[in-house]
Amino acid sequence: MGLKLFNSLTRKKEDFVPLRDNHVGIYVCGVTVYDYCHVGHGRAAVVFDTVFRYLKHLGYDVLYARNFTDIDDKIIKRAAEEGTPWQEVTRKYIAAFYEDMGKLNIAAPNVEPRATGHIPEMIEMIASLVDQGKAYTSDGDVFYSVTAFPGYGRLSGKNPQELMAGARVDVNEKKRSPLDFALWKKSKPGEPSWDSPWGPGRPGWHIECSAMGRKYLGVTFDIHGGGKDLIFPHHENEIAQSAGCSGQPPVKYWMHNGFVNIDKEKMSKSLGNFFTLRDIYKCHHPEVLRLFLISSHYRSPIDFSEKNLEDAEKVLSRFYEGIDAATRELASQGVIAPAKPERAGGAFMEKFEAAMNDDFNTAVALAHMNEELRALNTWTKAPKSQPSQDVLARLNALKQAGQLLGLFSRSPGEFQAELFELKNRALGLDTKKIEALIEERNAARRGKDWTTADRCRDELAKMGVVIEDTAGGTEWKIK
RNA sequence: GGCACCGUCGCCAAGUGGUAAGGCAGAGGUCUGCAAAAUCUCCAUCGGCGGUUCGACUCCGCCCGGUGCCUCCA
């Protein structure tokens with residue numbers, strides 16, 4: 001059974017068939033670099049990173065492009081606010097993007113084009129549209145004439161007539177129709193500008209994706225992704241431009257991820273209810289955030305809350321601990337599990353792939369992983385129940401599945417240490433005191449002085465420390 | 001107002017025309033001096049009302065409740 005994915009254009013789940021044999025071209029709208037990324041940006045990045053990883057896992061030769069919008073009104077505005085050149089604004093936030101997204105274990109796309117690096121390509125497309133009579137110039141601006149494109153509204157399910165009627169669009173005398181959108185914007189004095197056949201200016205937002213998608217992936221490519229909020233007008237306009245230019249549909253499958261909500265409301269700048277990734281990282285492990293983000297289907301809205309992150313942390317810790325315990329048990333039998341799992345098979349992998357093949361159903365994939373973890377734990381407690389080579393294969397499969405989802409990027413030890421660090425930042429625990437208490441308790445236990453032993457444990461519990469007596473000694477962690 | 005989408009156990013979250021995955025929390029058991037961890041068992045009839053059907057939570061209609069898009073937005 002092959003991959004099926006939901007195509008926003010047809011609103012149906014479709015069999016995925018690449019345009020060119022084994023090659024897949026995928027373009028995802030990145031971010032406009034004028035501020036720090038929030039959880040919503042994180043979700044989009046995680047969703048398409050997971051798609052990217054999984055397509056490669058299926059054996060496709062994937063070419064993944066994700067852009068940076070590094071020139072637009074918001075950037076110019078931010079530069080003015082910060083009193084810095086606009087190039088400094090984009091430099092700063094691109095660096096922040098890599099830092100924040102890197103922690104989410106987002107793999108690098110094959111190409112990361114920037115709008116400002118592709119002005120000639122955009123100008124060429126705009127010129128072509130003007131030549132074809134599908135765009136017009138107006139006082140130094142160039143607009144796309146939406147009425148010239150018969151399929152307008154198909155992706156977003158909108159009717160141009162109705163859009164026109166209910167147009168709340170700004171009144172702009174330069175435009176022939178309120179629905180027309182800018183391909184090229186005349187620059188005001190002091191604003192960044194590029195020379196063009198229509199005078200100095202800068203590109204409109206939509207044209208960059210059309211130009212860069214075409215340049216790197218071809219006139220028609222396989223998958224175009226982005227957040228649901230980009231469907232209209234951004235992607236609708238992109239189709240109009242690209243198809244208007246070439247006469248060909250630019251994209252075969254459109255994929256859109258759902259929003260991150262806070263109390264059922266969309267997380268957004270204007271509502272002010274957003275959390276930046278770097279804020280989250282102050283209290284939560286990035287991989288916990290990633291697990292949270294893939295714990296529901298990518299097209300559904302997902303409610304961001306402290307409780308949900310805590311749940312995700314418990315799940316992730318359980319995975320790491322189970323993998324760690326199984327790995328140790330195997331090692332004790334002289335079986336060494338490789339850190340990087342090889343290509344795995346087996347019943348579990350088949351179920352995992354079936355889930356992922358069903359429009360990237362990560363929630364079901366995780367359910368299978370939980371079941372497999374339970375089986376693994378059962379073995380760890382009773383190692384004679386299965387041959388260790390079989391267990392090694394199962395462990396490998398579980399790790400591989402997790403890594404396909406961008407999880408298990410650390411060793412169990414690293415993960416525990418990072419989690420400890422994070423939690424201890426708030427508690428500021430006195431490690432020496434904890435170890436002294438544990439020693440006191442163990443001394444009491446040796447003397448069967450259970451009252452003292454329990455008192456020590458209660459005291460530790462009050463500090464937020466949980467202890468665990470194992471065969472190898474007493475271990476402790478922060479609750 | 002127009003167009004979409006959603007409403008599944010206390011919480012999170014899959015799913016389906018033939019009687020509901022998984023996680024958290026909870027109850028009980030095993031293990032443990034006691035715990036913790038792990039494991040086992042238990043724990044929902046799917047917003048409401050009609051209809052279609054041999055059979056619906058899954059299809060249709062209406063109602064109630066919630067959200068999104070229609071302006072920049074992942």
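Let me start with how RNA strand B meets the protein in this predicted model: of the strand's atoms that lie within 4 Å of the protein, 66% belong to sugar or phosphate, and the rest belong to bases. On the protein side, 55 residues surround RNA strand B, and the closest are Lys74, Trp205, Leu230, Val364 and Arg457. If we sort the residues of that surface by character, we find 17 that are nonpolar, 18 that are polar and 20 that are charged. Among the secondary structure elements, helix α12, which covers residues 362–381, gives the most to the surface near RNA strand B, with nine residues.

Let me turn to individual contacts with phosphate. In histidine 41, an N or O atom of the side chain is 2.8 Å from a phosphate oxygen of RNA strand B, and in asparagine 361 a side-chain N or O atom is 3.0 Å from a phosphate oxygen of the strand. For histidine 297, by contrast, the atom concerned is a backbone N or O, which lies 2.5 Å from a phosphate oxygen of RNA strand B.

I would like to stay with histidine 297 for a moment. Histidine 297 sits in the loop between α9 and β13, the latter being residues 302–303, and it counts as buried because its relative accessible area is 16%, under the 20% limit. While its backbone faces the phosphate oxygen I have just described, its side chain makes a polar contact of 3.3 Å with the side chain of aspartate 359. Not counting residues up to four places away in sequence, histidine 297 touches Arg43, Asp358, Asp359, Phe360 and Asn361, and Asn361 is the asparagine whose side chain has an N or O atom 3.0 Å from a phosphate oxygen.

A second histidine deserves a look, namely histidine 284, which is placed in the loop between α8 (277–281) and α9 (286–294). Is histidine 284 buried or exposed? With a relative accessible area of 7%, histidine 284 is buried. Its side chain makes a polar contact with the side chain of glutamate 306, at 2.7 Å, and, once neighbours within four places in sequence are left aside, histidine 284 is in contact with Glu306, Leu309 and Leu422.

Next comes proline 383, which is found in the loop between α12 and α13 (388–404). Proline 383 counts as partly exposed because its relative accessibility is 24%, which falls between the 20% and 50% limits. Leaving aside neighbours within four places in sequence, proline 383 is in contact with Glu329 and Gln333. The C-alpha atoms of proline 383 and phenylalanine 97, which are 286 residues apart along the chain, are separated by 45 Å.

Finally, the chain as a whole. Chain A is divided into domain 1 (4–266), domain 2 (313–412) and domain 3 (429–478), and the centres of domain 2 and domain 3, taken over C-alpha atoms, are separated by 31 Å. The chain holds 16 helices and 15 strands, and its C-alpha trace spans about 90 × 50 × 35 Å along the principal axes. Of its 479 residues, 51% count as buried, and the accessible surface comes to about 22000 Å², with 52% of that belonging to carbon and sulfur atoms. As for the contacts in chain A between residues at least 6 apart in sequence, 76% of them join residues at least 24 apart.

Key
Residues are numbered from 1 along each chain as its sequence is written. Chains are lettered from A and ligands numbered from 1 in the order in which they are written. This is a predicted model: local features need pLDDT of at least 70, side-chain atom pairs count only at pLDDT 80 or more; totals for chains, interfaces and linings use all residues. Side-chain values use heavy atoms; hydrogens and water are left out. A residue is near a molecule or strand if one of its heavy atoms lies within 4 Å of it. A polar contact is a pair of N or O atoms within 3.5 Å; within protein, one must be able to donate a hydrogen and the other to accept it, and residues adjacent in sequence count only if both atoms are side-chain atoms. Helices (H or I, at least four residues) and strands (E, at least two) are DSSP runs, numbered from the N terminus. Ala, Val, Leu, Ile, Met, Phe, Trp, Tyr, Cys and Pro count as nonpolar, Asp, Glu, Lys and Arg as charged, and the others, Gly among them, as polar. Domain bounds come from an automatic or database domain assignment. Buried means under 20% relative accessible area, exposed over 50%, partly exposed in between (1.4 Å probe, protein chains only). Contact means heavy atoms within 4.5 Å. Accessible areas come from the Shrake-Rupley method with a 1.4 Å probe; for residues, only the protein chains shown count as cover.
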